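Me: I'm new to this one. Can you put it up and take me through the basics?

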Amino acid sequence: MMSGSGNSSGAASTAGADGRHDDDAALTEFLSSLMDYTPTIPDELVEHYLGRSGFNCPDLRLTRLVAVATQKFISDIASDALQHSKARVAAPIKDNKSKQPKDKRLVLTMEDLSKALREYGVNLKHPEYFADSPLTGTDPPTREE
Amino acid sequence: MTYGGGDAAREPQLDSQNTLKPRISTTTNQYGHAVSRISVTQILEATGFEHSYRRPIDALADVLLRYISHVGKLSVSYANMSGRIQCNVFDVILALEEIASVHGFAGQSDPNHSLSSSGVVLDLWRVVGKGREVPFAGSIARFPVTRSRQAETSQDTENEVEWGHIPDWLPSFPDPSTYINNSVSNESSVPRKQMERPHFSFRKFFSVNGSDGFAPIGHTNVERENEIVQRNPYLVPPLPHRERQVSDMTIPSERKAVSVFETFAPVIEASGGEIVEERGVISNKRPAVRFRIGVGTKSMSKMLSLRDTGMKEDLWTVKEEEMDSKKRRAEMILKESMEKPNELAQL
């Protein structure tokens, strides 16, 4: 029984070791594929800001990894903001006599962005108006038109 | 993708070119912020936005830079906890997992999950595998650009001992004789030129052109410094106690009697009047002053008559006559005080 349990544990450990080996191989493959992919955020920018935080690594693959992670983060926020913007455009107009027609363009506004960022733990507060002009406080579309 | 001029109702006053300058402190931050704004714009365009206002792009660029710094800081902390100073891929994955733990990722609940096949890594692999590559518009150089420092002088490096554990970029050690207290050695035994000069000089920093006592750092040597100290009395070191004998102060015991004429001589000379020599001396005890109203003596009547005559003529001559009358009055008062010291004084 001891030998049996030993064998089973040995089998499990070898299986575990194989699994780990597979995982490491997958990670190595992923890191090498990063060198073929050019992220939207340049490496020099990422290197500079990582260096400012004390990140000391000469390996370019790690820099690319952080760049890709940052790009994914920003694109997730952007897609959430896009959802909010589409929801606002698609919402039915309550008051038919309102002066402002719904903008069908997809424009990123501070409102949508702050809603999207709130889910990620970033509190973006935008001041309503600056009281330095007679037209402050009026709605932007009326002023644009 | 159009880059809107800005939400004017919600933004401060714009100038004539309709530009808004963000409040960013340093030059490096401005450059980094500008580059990240370009990246953010490209990402927004790839996501599906057609237009955007300026403020959200600035905010997102700021978030991007903060995210990079946050990942870096977390990775470094994980590396330090493992007793390393260089980060490896697992430190970065742990940092990404910590940030993603707010939203959650696949395999988060399993405490023994493998980092190599972490949900975070799989998400990133999916992004890379999609192949929708949007490279950065343009190319940037490595920044910040550092100026090449001048090579240190041979004097500083001639006594250098190469230590393996000390990095080269640290400044060299000072001469040991400068900090070792040795009773035998005095100032003359140590060659002055080998003493280390600080690279930063407060004198140079606070110096004003042409002011005495300050000299440029490049030309200082000990002799020059001594000269400067001698020229500027405020830089002279204080004298030790009892080195210079200073005479005691003599306080005059009594005040001597002062002659009135001696005191008023310059006034009288300036007026051009005759100086009448008198031997009288005013005693210390002055008689009580009583005011007399009314014209009683000749001097008062004379004063009044002088005034009357002055009024009939024009302004300049009146003034001159008034000056003359004042001088005469002063003389007369002096005479009377000499002649009649006991009588009442008149104003």
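What follows is a short chat about the interface, one helix and some charged pairs.

Reply: This is a predicted model, where local features need pLDDT of at least 70, side-chain atom pairs count only at pLDDT 80 or more, and totals for chains, interfaces and linings use all residues. Residues are numbered from 1 along each chain as its sequence is written, chains are lettered from A and ligands numbered from 1 in the order in which they are written, and side-chain values use heavy atoms, with hydrogens and water left out.

Me: How many residues does the contact take from chain B and chain A?
Reply: Chain B gives 68 residues and chain A gives 70, with contact meaning heavy atoms within 4.5 Å.

Me: And what area is buried there?
Reply: About 6,200 Å² between chain B and chain A, 71% of it from carbon and sulfur atoms. Buried area is the accessible area (1.4 Å probe) that two parts lose on being put together, summed over both.

Me: Which element gives the most on the chain B side?
Reply: α2(B), with 15 residues. Helices (H or I, at least four residues) and strands (E, at least two) are DSSP runs, numbered from the N terminus.

Me: How many salt bridges cross the interface of chain B and chain A?
Reply: The rule finds 0 there. A salt bridge is a side-chain nitrogen of Lys or Arg within 4 Å of a carboxyl oxygen of Asp or Glu. Over all chains, the structure holds 9.

Me: What does A:Arg64 form a salt bridge with?
Reply: A:Asp43, and the closest N and O atoms are 3.0 Å apart. A:Arg64 lies in helix α3 of chain A and A:Asp43 in helix α2 (residues 43-52) of chain A, so the pair, 21 residues apart, links distant parts of the chain.

Me: Back to that helix. How far apart are the end C-alpha atoms of α3 of chain A?
Reply: They are 44 Å apart, which agrees with the 45 Å that its 31 residues (60-90) should span at 1.5 Å a residue. The expected span is 1.5 Å times one less than the number of residues.

Me: What sits at the start of α3(A)?
Reply: A side-chain oxygen of A:Asp59 comes within 3.2 Å of the backbone nitrogen of A:Arg61.

Definitions and conventions: Polar contact = N/O pair within 3.5 Å; in protein donor to acceptor, adjacent residues only side chain to side chain.
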